[in-house]
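Got your viewer open? Keep the selection box handy, and we'll walk through this one stop by stop.

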Amino acid sequence: MPTESGSCSAARQAKQKRKSHSLSIRRTNSSEQERTGLPRDMLEGQDSKLPSSVRSTLLELFGQIEREFENLYIENLELRREIETLNERLAAEGQAIDGAELSKGQLKTKASHSTSQLSQKLKTTYKASTSKIVSSFKTTTSRAVCQLVKEYIGHRDGIWDVSVARTQPVVLGTASADHTALLWSIETGRSLAKYTGHVGSVNSIKFHPSEQLALTASGDQTAHVWRYAVQLPAPQPAADSSLCGEDEVECSDKDEPDADADPSSECPTIRAPLTSLKSHQGVVIAADWLVGGKQAVTASWDRTANLYDVETSELVHSLTGHDQELTHCCTHPTQRLVVTSSRDTTFRLWDFRDPSIHSVNVFQGHTDTVTSAVFTVGDNVVSGSDDRTVKVWDLKNMRSPIATIRTDSAINRINVCVGQKIIALPHDNRQVRLFDMSGVRLARLPRSSRQGHRRMVCGSAWSEDHPVCNLFTCGFDRQAIGWNINIPALLQEK
């Protein structure tokens, strides 16, 4: 008993010492910041060829970086003090338990071993904390929440877009730079049909809201509407995904799907469209159906978006105003609204609810190419950009976003799970991250040498009602991947 009370007293004294030392460090850093104010003012007064606005922005950014490193330095000192305190506690507890039965050498060896284990844990914790410089979001959730279910391999070049049919039978569609679009059985991973009507890269694919029709956009300056009729094969047992991991491993090209093996060669081929939408003077990068499916909108590198009557192939409206090439277009699921994004760092909202007139609103807030903008529930739009940010907007207020997500890589075509309000972000750095609408990070899809994308992830699509796979991603590694996302567990961890 006396030994136990002495140990508690020593631990309490060490804790008080650590607390007072922490306060001292914070006061010291505060005074140092006050002292550095004078040199900074002098620096601002020096002659410079930079514009004052740019100079001010740089000084502000350098200040933010300095504060981040100061915080990390303080955390490092606190962790070192934790290690010292734990060393003292381990030594005291070891002596109290074993008493005179342990020699000094044995006690030292035991304390050293335990201290080494605890030190390693603390170092791991400290290493994780340094990621705050890049991102302040939650750490990746366990792989049980996000699990790879199926890989869809058959294209001979990168896959630009992925989409899920809205009608029965529910199939997966992929658009590829190999000039084809493929339809897949979600359960078995088998290709069901191949569309070969384009003579250029197929850049996007979207399914009709009520019929077995697909809309594809292509580098051949056209968009095609084509009909498909597929029969789903019997499902096969799911592959074991217990080897899933989250460690990033660099992979060579030899790990990619074999281009010589073409599973799609045995499936039926659709060679001609029902309707070809022609009027663009450049690459058609994306296309989508308006609500009801009687009209379609296309986005092109010729800086315009076109609205067509699908039945007659006639051009209804040419939407002009963007200063540079368009990158994406998306339609509202229940209203006659269209959003187009562009390399001019803006995206535009086009309103066709009034047949006699259509209005346009311009959203500015990104500093680089807006790669996609999509509608969500209600009056919100989510935009992603090469400036490594995603912004959530209220359509009634164009001035500033209601949430901003900052990441460490450029963002490609995003997709929103409407029912659960979860945003999937495919990145240039091969990662796919999940966020909620308020900007809180929920998860990162696992990546390893065996699973996950090995090159840039280009697009994503949610299938909220499918029991097997409810998120699909595609990339330049020539494959699409189906994931099972345990949404209740994901939101519970949030």
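Here is a tour that starts with the whole protein and then goes to selected residues and strands.

**Stop 1: everything on screen**

Before you click on anything, keep in mind that this is a predicted model. Show the whole thing as a cartoon: the protein has four helices and 29 strands. Now switch on the surface. Its accessible area comes to about 25100 Å², and carbon and sulfur atoms account for 50% of that. Of the 494 residues, 48% count as buried. How much of the contact picture joins residues at least 24 apart? Among contacts between residues at least 6 apart in sequence, the share is 54%.

**Stop 2: a nonpolar patch**

Keep the surface on and select Leu-50, Val-54, Leu-58, Leu-61, Phe-62, Ile-65 and Phe-69. Together they make a nonpolar surface patch of about 630 Å². Click on Phe-69, which belongs to helix 2, residues 52-98. Is Phe-69 buried or partly exposed? With 48% relative accessibility, Phe-69 counts as partly exposed.

**Stop 3: the sheet with strand 1**

Back to the cartoon. Pick out strands 1, 29, 28 and 27, in that order: they form an open sheet of four strands with antiparallel pairing. Strand 1 (146-153) and strand 27 (457-462) are the edges, each pairing on one side only. From one strand to the next, the twist averages 25°.

Now zoom in on strand 1 and strand 29 (residues 479-485), an antiparallel pair held over seven bridges. Which residue stands opposite Leu-148 in strand 29? Show Trp-483 and you have the partner of Leu-148.

If you're wondering what to look for between neighbours, strands of a sheet pair through backbone hydrogen bonds, either parallel or antiparallel.

**Stop 4: a second open sheet**

Next, select strands 23, 24, 25 and 26. This is also an open sheet of four strands, ordered 23-24-25-26 and paired antiparallel. Its edge strands are strand 23 (415-417) and strand 26 (441-444), and each of them pairs on one side only. Ignoring direction, neighbouring strands of this sheet are turned by 25° against each other on average.

Look closer at strand 25 (residues 432-436) and strand 26, which pair in the antiparallel sense over three bridges. Highlight Phe-435, then its bridge partner in strand 26, Arg-441.

**Stop 5: Ser-163 and its contacts**

Jump to Ser-163, which lies in strand 2. Ser-163 is buried, and its relative accessible area is 8%. What does Ser-163 touch, leaving aside its neighbours within four places in sequence? Light up Val-171, Leu-172, Gly-173, Ile-205, Lys-206, Phe-207 and Ala-461, and you have the contacts.

**Stop 6: salt bridges**

Turn on side chains for the last stretch. Searching the whole structure turns up eight salt bridges, and a few are worth a click.

Begin with Asp-288 and Arg-166, whose side chains meet in a salt bridge at 4.0 Å, N to O. Asp-288 sits in strand 11 (residues 284-289), while Arg-166 is in the loop between strand 2 (159-164) and strand 3 (172-176), so this pair ties together parts that are 122 residues apart in sequence. Asp-288 is buried, with a relative accessible area of 3%. Arg-166, on the other hand, counts as partly exposed at 47% relative accessibility.

Then move to Glu-211 and Arg-227, a salt bridge with its closest N and O atoms 3.6 Å apart. Glu-211 is in the loop between strand 6 (202-207) and strand 7 (213-218), and Arg-227 is in strand 8 (residues 222-227), so the pair ties together parts that are 16 residues apart in sequence. Glu-211 is partly exposed, with a relative accessible area of 35%, and Arg-227 is partly exposed too, with 45%.

One more pair: Asp-351 and Arg-353. Their closest N and O atoms are 2.7 Å apart, forming a salt bridge. Asp-351 is buried, at a relative accessible area of 16%, whereas Arg-353 is partly exposed, at 47%.

To finish, select Asp-161, Lys-206 and Arg-413, which are joined into one network by salt bridges that share partners. You may recognise Lys-206 as one of the contacts of Ser-163.

Terms used: Residues are numbered from 1 along each chain as its sequence is written. This is a predicted model: local features need pLDDT of at least 70, side-chain atom pairs count only at pLDDT 80 or more; totals for chains, interfaces and linings use all residues. Side-chain values use heavy atoms; hydrogens and water are left out. Helices (H or I, at least four residues) and strands (E, at least two) are DSSP runs, numbered from the N terminus. Buried means under 20% relative accessible area, exposed over 50%, partly exposed in between (1.4 Å probe, protein chains only). Two strands pair if DSSP finds at least two bridges between them. Axes are lines fitted to C-alpha atoms, for helices over the stretch in contact, and angles run from 0 to 180 degrees between N-to-C directions. Contact means heavy atoms within 4.5 Å. Accessible areas come from the Shrake-Rupley method with a 1.4 Å probe; for residues, only the protein chains shown count as cover. Patches are made of residues with over 30% relative accessible area and no salt bridge: like charges are joined within 9 Å, nonpolar side chains (Val, Leu, Ile, Met, Phe, Trp, Tyr) within 5 Å.
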